[in-house]
Amino acid sequence: MARITASVFTSHVPAIGAAIDLGKTQEAYWQPLFQGYEFSKQWMKDNTPDVVFLVYNDHATAFSLDLIPTFAIGTAASYQPADEGWGPRPVPVVEGHPELASHIAQSVIQQDFDLTIVNKMDVDHGLTVPLSLMCGQPEKWPFKVIPFAVNVVQYPVPSGRRCFQLGQAIRKAVESFDGDLNVQIWGTGGMSHQLQGPRAGLINKEWDNAFLDKLIADPAAAAAIPHIEYVREAGSEGIELVMWLIARGAMADVAGGPAPKLAHRFFHVPASNTAVGHLILENA
Ligand code: DHB
Ligand code: FE
């Protein structure tokens, strides 16, 4: 059977991608941020999965106001890095896993979550920046990726509670796949940030760190945080954090297993307009 061995959580700021692509990671502004991912890059080499189920949000790249799926699963064989305005990032093509993705779609839809199936799409910084942070600049990404896009851009957005339940359904789906695969689930986006309006630039370190504490030790409490609290405390784009609850909901302890091991925790402010948070949790 396939199994979920670990979850990874990280912010996805586009300027981080530009810093990597333009060779600026050792500049004074960026060095402390990238230092926090040195452990992670080594951990990734020591714990390379077959597949990463990568929960992220599209930023009006693959989807637009024409079409707004709440939850969309990528079932394609490959995904091109998108042109977001500066040209596509110079990163490898993302290879998919159509068999596992189709199986998860079947299982999760039968568990009553209505997913949109996407057979063709490009992937933006929401997906490629987490890959770069965790893997550096390889010629080829070292695993297959199932992109799972969540609408946190255009209202109405899904609740943290529903995202947490969806994670539990994804875990069941992965474990019922007939094939021996090591799967990681990543929750990306966040932490506190607001890019618009009078509160643009908002960062809330205390709230972010309390969220990390809860996500690690009491994920059901994190899942109960109402939408309005994200917006009030973590800013309008802080709502991206509900995606972390999908990954957390897929961990073994939520299904009655042992608590995960915290392999790494990192927090840094700011990167561009955003507070950067990062966790690695391993299933026992
Ligand atoms: C920034 C952060 C985001 O999450 C995003 O999608 C775009 C920009 C920023 O901090 O600049
Ligand atoms: Fe974003």
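This is a short tour of a predicted model, with suggestions on what to select at each stop.

**Stop 1: the ligand**

Start by selecting ligand 1, which sits in the largest pocket. Now show its neighbours: His-12, Val-13, Pro-14, His-59, His-125, His-193, Leu-195, Glu-240, Ala-271, Ser-272, Asn-273 and Thr-274 surround the ligand. What classes of residue make up this shell? Seven are polar, four are nonpolar and one is charged.

Next, zoom in on the polar atoms. Pick His-12, where a polar side-chain atom lies 2.9 Å from an oxygen atom of ligand 1. Then pick Ser-272: here a polar side-chain atom is 2.6 Å from an oxygen atom of the ligand. With Asn-273, look at the backbone instead, because you want the N or O atom there that lies 3.0 Å from an oxygen atom of ligand 1. How much of the ligand does the protein cover? On its own, ligand 1 has 290 Å² of accessible area, and the protein covers 88% of that.

**Stop 2: the hairpin beside the ligand**

Stay with Ser-272 and add strands β10 (residues 261-271) and β11 (residues 274-282). These two strands form a hairpin with two residues between them, and they pair in the antiparallel sense over eight bridges. To see one matched position, select His-268 and, opposite this residue in β11, Val-276. In the turn, Ser-272 has a positive phi of about 55°. Ser-272 is also one of the residues around ligand 1.

While you're on β10, click Pro-270, which is found in this strand. A cis peptide bond joins Val-269 and Pro-270, with omega at about -20°.

**Stop 3: two backbone oddities**

Most peptide bonds are trans, and most residues other than glycine have a negative phi. So what should you look for at Gly-190 and Met-191? The bond joining them is another cis peptide, with omega about -5°. You'll find Met-191 in the loop between β9 (182-188) and α7 (205-217).

Now jump to Ala-60, in the loop between β2 (51-56) and β3 (71-74). Its phi is near 60°, a positive value in a residue other than glycine.

**Stop 4: a three-stranded sheet**

For the last stop, select β4, β5 and β7. In which order do the three strands lie? They form an open sheet in the order β5-β4-β7, and the pairing is mixed. β5 (94-95) and β7 (122-123) stand at the edges with a single partner strand each, so one side of each has no neighbour in the sheet.

Finally, zoom in on β4 (residues 78-81) and β7: these strands run parallel and are joined by two bridges. Select Pro-81 and look across to Val-123, its bridge partner in β7. Strands of a sheet pair through backbone hydrogen bonds, so turn on the backbone atoms for this view.

Note on methods
Residues numbered from 1 in each chain as written. Chains lettered and ligands numbered in written order. Predicted model: local features only at pLDDT ≥ 70, side-chain atom pairs only at ≥ 80, totals over all residues. Heavy atoms only, no water. Near = heavy atom within 4 Å. Polar contact = N/O pair within 3.5 Å; in protein donor to acceptor, adjacent residues only side chain to side chain. Areas by Shrake-Rupley, 256 points an atom, 1.4 Å probe, with all protein chains shown as cover. 1 Å grid on protein atoms, 1.4 Å probe; cavity = no way out; pocket = protein on both sides within 12 Å on 5 of 7 lines; lining within 4 Å. Sits in = over half its atoms within 2 Å of the grid points. Nonpolar A, V, L, I, M, F, W, Y, C, P; charged D, E, K, R; others polar. Pairing = 2+ DSSP bridges. Helix = DSSP H or I, 4+ residues; strand = E, 2+ residues; numbered from the N terminus.
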